Amino acid sequence: MPAFGTNPVKFIKEVRAELKKVTWPTKAETIKLTVVVIAISIIVGAFIGGLDAGLVQITSLFYRR
């Protein structure tokens, strides 16, 4: 673990060295995974919205009486 407080220049060099080791995703992988995240977000949002609307209808039946 780099000691940031002792030598900032050494720290930056170590960070750059570590970032070169990272396997970055390709453009196609990034687009594909972004589409998956957006689709899942829409599905979960629709599910929660539908659940909320259903529960509002159910509770309104009890409070009307």
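How much area does the protein expose, and what share of it do carbon and sulfur atoms supply? I looked this up and found about 6,200 Å² exposed, with 72% supplied by carbon and sulfur atoms. Accessible areas come from the Shrake-Rupley method with a 1.4 Å probe, and for residues only the protein chains shown count as cover.

Basis of the entries. The model is predicted, so I note that local features need pLDDT of at least 70 and side-chain atom pairs pLDDT 80 or more, while totals for chains, interfaces and linings use all residues. Residues are numbered from 1 along each chain as its sequence is written, and side-chain values use heavy atoms, without hydrogens and water.

Overall form. I counted two helices and zero strands (DSSP runs, H or I of at least four residues for helices, E of at least two for strands, numbered from the N terminus). The C-alpha trace spans about 70 × 35 × 15 Å along its principal axes. I found a radius of gyration of 25 Å, where a compact globule of 65 residues would have one near 11 Å. That radius is taken over C-alpha atoms, and the globule rule is 2.2 Å times the number of residues to the power 0.38. Buried residues (under 20% relative accessible area; exposed is over 50%, partly exposed in between, with a 1.4 Å probe and protein chains only) make up 2% of the 65 residues.

Helix α1. I searched the whole structure for salt bridges (a side-chain nitrogen of Lys or Arg within 4 Å of a carboxyl oxygen of Asp or Glu) and found one. It joins the side chains of E18 and K21 at 3.2 Å, N to O. Both residues lie in helix α1 (residues 8-21), three residues apart, about one turn of the helix. E18 is partly exposed at 46% relative accessible area, and K21 is exposed at 61%.

Helix α2. I checked V36, which sits in helix α2 (residues 27-63). At 40% relative accessibility V36 counts as partly exposed. V36 belongs to a nonpolar surface patch that also includes F47, L51 and Y63, with about 1,100 Å² of accessible area together. Patches take residues with over 30% relative accessible area and no salt bridge, joining like charges within 9 Å and nonpolar side chains (Val, Leu, Ile, Met, Phe, Trp, Tyr) within 5 Å. A46 is also found in helix α2 and is exposed at 53%. I noted 48 Å between the C-alpha atoms of A46 and P8, 38 residues apart along the chain.
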